[in-house]
Amino acid sequence: MASSSLSFQEKYDVFLSFRGEDTRNTFASHLYAALLAKQILTFMDHKLERGDKISPTLIKTIEESKISVIIFSENYPSSKWCLEELVQILECKKTRGQIVIPIFYCVDPSVVRNQTASYGVSFTELEKRFREKMETVNQWRTALTEASNLSGWDSKDVRPDSKLVRKIVKDISNKLFKYPSSNMHMNGHLIGIEKKIKEIESILCIGTEDVRIIGIWGMAGIGKTTLASAVFQRFSYFQFESSCFLRNVREEYLKHGPDYMRKKLLFDLLRDKSILSMDTPFVASPSIHSNLCRKKVLIVLDDVDSLDQFEAIVTPYDHFAPGSRIIVTTKNKQVLEIKDVDDIYKLAGLNHMESLELFNFYAFGKSSPSEDYEKLVSHVICYAHGNPLALRVLGSSLRSKSTDVWESALSKLKTIPHKDILNVLRISYEGLDKGEQNLFLDIACLIDQPFTKDDVEHMLDAGGSFVKIELTVLIDKSLIESHEYNMLWMHDLLRQVGQTIVRDEHREPGKRSRLWDVTDVCRVLERNTGTAAVEGISFNVSEIHNDIKLCHATFSEMYNLRLLKIYRDNFGNNKFKLHPPQGLGFYLSDKLTYLRWDLYPLKSLSSNFSTENLVELVLRGSHVQKLWNNHEVKSLPILRRIDLSYSKSLTQLPDLSQAPNLESINLEGCTSLVHVLSSLQNLEKLTYLNLNGCSKLRDFEEMSKRSEGYLDVGSRIQNSTDNLCLYSTQDHISQKFAPNLTYLLLRETTIGTVPPSICRLSGLVKLDLSYCTGLESLPTGICHLKSLESLDLCGCEKLKTFPEIVEPMEHLRYLSLASSGIEELPESIENLVSLKDLSLESCKDLEFLPNSLCDLRNLGMIRLSFCSKIQKLPSLPPSLELLLVTNCKRLKSLPELPSLCLSLSASGCTSLENVSGWRAPLLHHVDEFIGDYSYNDYIDFCGCEKLDQDTDNTMIADRAIIQILARIKFQKSVDYYSFIYPGDEIPNWFNHQTCGTSINNIMLPPYWNNDDFLGLAFCIVFHWNIIGDDKELYIGYKLNFKTIDDGNLYKYCYSTLGEIYDDFISDHVVIWHAERESLESSGLDCPSTCSTEASFHVYPSYRLFENVNNNGSEYGVWFVEHAEIKKFGVRFVYKQDMERCDAETERKNKRSFNECCESSASEAVVSLEEEDDDEYYSSCDCLEDAEQLEVEERKKKNNSVLQL
C-alpha cells in the first residue's frame, strides 16, 4: 500500500499572512482575536518584518498549519517578506493540500490578479531592486495571480469589519470541521478514531436544544481521553460559544479539591478573571448563572472516578444554556448511571489492522518491519489485544532493538508486564474495596479465559459471600468485560496486573494467597511447602512434566484453602499424573468451598473430608466407585452442584437427603450406574439432572412397568427400593422426587417407554431423549408439560409416531425428530403454538408434512435435509426464516416462500424444478436478522440443475442481491460466500462485467469512496472441470486502485471460501460482497479526492479433503486446474442503491398484489379500477403494513432457541 503524502504534523489551525503596516493593529488583530476566542489555534507573527528572507522557523510554521489566510491589503506586495510567505503558502497548497483563503481588504481582486494600481507601483520598484533575479519577480507575479483566483472574501462585499470577521471565522470553523486530520496516522494515537468520532457525534445529537450528557466508558489505556480530545477539537470550534476540557479529573481533584476544579471550569467557559479569586465558585451562583445560561458550552470531564467528583464540578446541569453538551470519560460505569446521563458509549479496543499500524508506527516509524520481525510483531499484537497504551509503550520500548532483544522482552512479558503499563492499570485495582480486590485476584489467577458469570459464581460464591454485587462492580469499573450469552472476559493485561500483585506477596510461592503457575504449584506440592497463606490453587495437569506424588500432609498446612481446581483441558493426554496417597488420612481444608479434580484416581473421597462448607464438587472422569466409603449420611448444608460425569466406575450415589440446597447433578457417561432416583428424594431445589449416556440405568424402564399415575423403581429388582413410590394417586410429585426439576437429560439411555406420570413434572423446561434407540412411544399426556420449551427425540429409530397434541403447548419452542423413525406428524401439531425450530433431518420414512404447519405463526426454522421421500411441502408459515431441504432428492417444487425467509439451502435437490414465489422484503425489515452477527443468511441451490430459468435468473438472483445489499447496509462482515445457484449469466445489476477473470480500467470520479460508499459486490459464473470427492471452493480476488493525479497504487487482496455441492456439471452463479469496514480494516486506504482507475482480478482453487493417519484427521490439498471461472462482475455499492432497491421492491410487490387481485375475481378488478389512485395504492400499501406488523410481532417473540 502506498504511503500517504501527508507525512508531517500539524501544529496550527491557521497561519495569518498580512502586511504589518496596513493591518497589524486593525483588521488582522481583530481576526486573530476572534479566532482565538473560538479556540482556533492561530499563528500571527507579532514581530516587525526585517530583511528580505523569511526565517526557516516561519517556513516550518506555514508547513505545520492546516489553513493559511492571506490578507491582501494595499501595500502587501511592497514587502518581499510577504511575497516569500505567499510563495511558500501556495507550495504547501500544492504539495500538502493546505487550504488557502484570500481576503481582499480594501483592495480589488483584479488589482491583485493583474498587479495594477498600487500593486503595479510595488512591482515597478521590485523589478528595479531585483533586475538580476527576474525569475523570482515573475514567480511572485504568478503567485499573486494564482491566489487571487482562489475563493475568498472581499471587504467591500461585507460591511462592517466586525461582520466580515464573524463570517470569516465561521468559514474557517466549517473548513476545520471537515478537514481530514493528516496526523491521524502520524500521531499514532489517532489511528482508527474517525469511525468512533462519528459514533460519538450521533449520540451527542448536536443541534437539539436540550442539555445533553454522554459518557465514554472503558478500561485504562483504551483511548478514552484520545477520543474525547478528538471530539472536542472537532466540535468546539464552531458548534459552541465556549468550551472547556478538564483533564485528569481524578488526579487533579485529589490534589487540589473541588473548588480548584470549579474555578478552572468556569474560568475556561467565561474567561472572567474574577472567578479565580472567588472562595467557593458555584455554577448556580447568580452572577455565574446569568452568564452561563446564555452560553452554549461544550465540557469534557476526563477520567472521572466517582459520582462525587462529577456532581461537585458541574451540578446543577440545568444552569447551562440549551444545546450545551457534557462529555464524561471514566473507567467506572457507576459514575454514568445517574438519571441525567443520556447515553453511554463503551469504547472498544483497536482491531487487528489498527493495532498493527499503531504498533509499527512506534516500533519502526515510517518503515515496515522486515520478515525477521513479523512473527514477533504478531505476538505483541496478540498480547496487547487492541489496547493502544500497551501498543505505544511496547512499540517505543522495542524500537531499534535486535530480534534477540525482542524475544527476550516478549518472554519476560509472559509473566511480568511492562512497568509503565502496570502503573496505569493498577490504579483501577487500588480503587476497589477489599472484597472486590479479592474477587479481582481470584478471577485473574484462578479462572481461565473465557468464562461466564456462572463460572465465577459457581467457583467463588460461597454461602454469605457478595460475589454477585462485587462482580457487577468489576464490570462497571472496566476490569471485566461483559458480553452476550453471559460471557465475561478479563483483558490479559489486567490479568497480568492481578498475577503480579499476588507474586509480589512473597518470594516463596507457598506463602502466596493464590497458586496457578504449574511450575509453582508442582514445587509447592512436591516439597510440601504450602502454608496457611494459600487460599486458592488452580492448575492444568496436562501441563505437568512428570508424575507428582502427594503425601498425606501435602495440604495439611493449607488450612485456609477454599478453592482447589485440578483440571485437564485434554483428557486424552494422561502421560503424567498426580498420585494422592491411598488410605483414610488424606487431608483437605475444612474451609474448602470448591473442589474440582479431573480424573481423580482414588475409589472414594477421604473419609475425614469435611463437606460443611462445600458448594461445588466436580470429579469428572474420576475412578470413584462411591463418593465415600461408609454409609453415613453426610451433612451438605450449602452444596449446590455435583458433577461426576464420565466416572465410569461409579456404581451408586450416596444418600443426598442432607443436601437441601442441591441444584444440579451431572452424571453423564456414568455407565455403571443402575439406580439414581432413590438418592434424589425430597430435593426441592434440584432443577438439573443429567443422565445422558447412563446406559445401564434401569429406573425409568422400571417406572414404565408400573400402572399409569405411578413412578416407582424396583418392581423387577427385588433387593432395591421396592416400596419407593415417586408418584402415587394420593401423593403429588412435589412431595417426592425433585418437584422443581427443569432439565432432565436422558440421552443414550435404555428407556423404551416414557412413563405417563413424567407429565407431572410441571416445571420441566428441557427433556432430552435423543438416541434412546429403544424408545417406541411417548405418552399422549406429553402436552401437559406446560413449561416444556425443548423436546429432543433425535436418533430415536423405533419412534414411528408422534402423539396427538390434544391441547396447546404454549412454551415448546424446539422439537427435534431428526434421524428418528417418524413416519408422519399429526395435524394437531398446530397446537405447538410457540414452536420456533422444527428439526426433521434424515427422517427417511417421512413422506409429507401436515397442512396445519402453516398455522404455526412462530415457526422460524424447518430442517428437512436428507428426507429422501419428501416430494412436496405444504404452505409454509409466514414467520419462516430458515428452510433446509438439502439432498431431498425427490423434492420437485417449493411453495411460496415468506419474505423474511433469509436462509434457504436446497443443494443437491436434483429433482427440484421450480419455486412458486418469494416476495422480497424491504431492507429495513431485515435489520433485526442481518444486523445480528450470530445470524447467517444464505441461499444455496447448488446442483439443482432442473430449475427453470425464470427461477434461476430472476427470482433467486434478485433475492440474493437484496440480501447482499442488506449485509452491506449493516456492514456485516462475512468471510465466505453464501449465494449460489445454477446459471450462466451475471445479473445486469453488476454494472462492470467481463468474460473471463479480470476487469480493468474502471474510471472512478473524485470522491468515489465518500461517506455514501458502502462496499463492493462480486459475482462469478463458475464451472467444475472435475466431478466427485468432497471439495471446498476458494475464490481469491485482487483489487488495484491507481490515483490519476499522483500515480500511487493501492493494492488489496482478499478471499472468500464456501462449501459447494460437487456432483454437478452445469455452470453456477456465485455472489458475495466486501463491506467498506472490511476493506478499510484490511488495508485499503485510497484517498477519495482524486480520480482513480480501478482493476479487479478473481481466481479459483478448491481444497480436496483426504483422510490421513490412524486418527482419521483431515487435511486439505489445494488444486487450481479443475475449477474454472467463466464470467466476472463487480458493482460499487452506495447508499443510493439501498433507496433504489426499496423503491423497486415496493413497485414489484404492488404489481404482484394487483395481479393477485386480477386472478382472484374479475369483479374485484372492476372495483379496483373504479377507485382513485390514492385509494388503490393505499390498499396495496396494506402489504407493507402487514409485513411490518409481522416483523414487529416476531421481534417480540424472537427469543433465541439456541439458549436451549
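**Exercise 1. Side chains of strand 19**

Task: Which way do the residues of strand 19 (residues 594-597) point, and are they buried or exposed?

Solution:
- Tyr594 and Arg596 point one way from strand 19.
- Leu595 and Trp597 point the other way.
- All are buried. Buried means under 20% relative accessible area, exposed over 50%, and partly exposed in between (1.4 Å probe, protein chains only).
- Strands and helices here are DSSP runs, numbered from the N terminus: strands are E with at least two residues, helices H or I with at least four.

A note on the model: it is predicted, so local features need pLDDT of at least 70 and side-chain atom pairs count only at pLDDT 80 or more, while totals for chains, interfaces and linings use all residues. Residues are numbered from 1 along each chain as its sequence is written, and side-chain values use heavy atoms, with hydrogens and water left out.

**Exercise 2. Partners of strand 19**

Task: Find which residues stand opposite Arg596 and Leu595.

Solution:
- Begin with the pairing rule: two strands pair if DSSP finds at least two bridges between them.
- Strand 17 (residues 563-567) pairs with strand 19 in the parallel sense, over four bridges.
- Lys565 stands opposite Arg596.
- Strand 20 (residues 616-618) runs parallel to strand 19, joined by three bridges.
- Leu617 in strand 20 is the bridge partner of Leu595.
- Return to Lys565: its charged end sits over the ring of Tyr567, 4.9 Å from the ring centre. The rule asks for NZ of Lys or CZ of Arg within 6 Å of the ring centre and within 35 degrees of the ring normal.
- Lys296 gives another case: its charged end sits over the ring of Phe240, 5.9 Å from the centre.

**Exercise 3. A five-stranded sheet**

Task: In what order do the five strands of the open sheet stand, and why is one side of strand 2 and of strand 5 left without a neighbour?

Solution:
- The order is 2-1-3-4-5, with parallel pairing.
- Strand 2 (42-43) and strand 5 (153-154) stand at the edges; each has a single partner strand, so one side of each lacks a neighbour in the sheet.
- Now look inside the sheet: strand 1 (residues 12-17) and strand 3 (residues 65-72) pair in the parallel sense over five bridges.
- Within that pair, Tyr12 stands opposite Ser65.

**Exercise 4. Aromatic pairs**

Task: How many aromatic pairs does a search of the whole structure find? Describe two of them.

Solution:
- The search finds 27 pairs. Rings of Phe, Tyr and Trp (its six-membered ring) pair if their centres lie within 6.5 Å; planes under 30 degrees apart count as stacked, over 60 as edge-to-face and the rest as tilted.
- Phe130 and Trp140 form an edge-to-face pair, 5.5 Å centre to centre with 90° between the planes.
- Phe130 lies in the loop between helix 6 (117-129) and helix 7 (134-148), and Trp140 in helix 7, ten residues apart.
- Phe130 is buried at 11% relative accessible area. Trp140 is buried too, at 1%.
- Tyr688 and Tyr743 form a tilted pair: 6.0 Å between centres, 45° between planes.
- Tyr688 belongs to strand 23 (residues 688-690) and Tyr743 to strand 26 (residues 743-745), 55 residues apart.
- Tyr688 is partly exposed at 23% relative accessibility. Tyr743 is partly exposed at 30%.

**Exercise 5. Cis peptide bonds**

Task: Where are Pro160 and Pro450, and what is the omega of the cis bond that leads to each?

Solution:
- The bond from Arg159 to Pro160 is cis, with omega near -5°.
- Pro160 lies in the loop between strand 5 and helix 8.
- The bond from Gln449 to Pro450 is cis, with omega near -15°.
- Pro450 lies in the loop between helix 21 (434-446) and strand 11 (451-452).

**Exercise 6. Positive phi**

Task: Asp303 and Asn486 each have a positive phi. Where is Asp303, and where is Asn486?

Solution:
- Asp303 has a phi of about 60°, although it is not a glycine.
- Asp303 sits in the loop between strand 8 (297-301) and helix 15 (307-314). It is buried, at 12% relative accessibility.
- Asn486 has a phi near 70° and is also a residue other than glycine.
- Asn486 sits in the loop between strand 12 (481-482) and strand 13 (487-489). It is partly exposed, at 33%.
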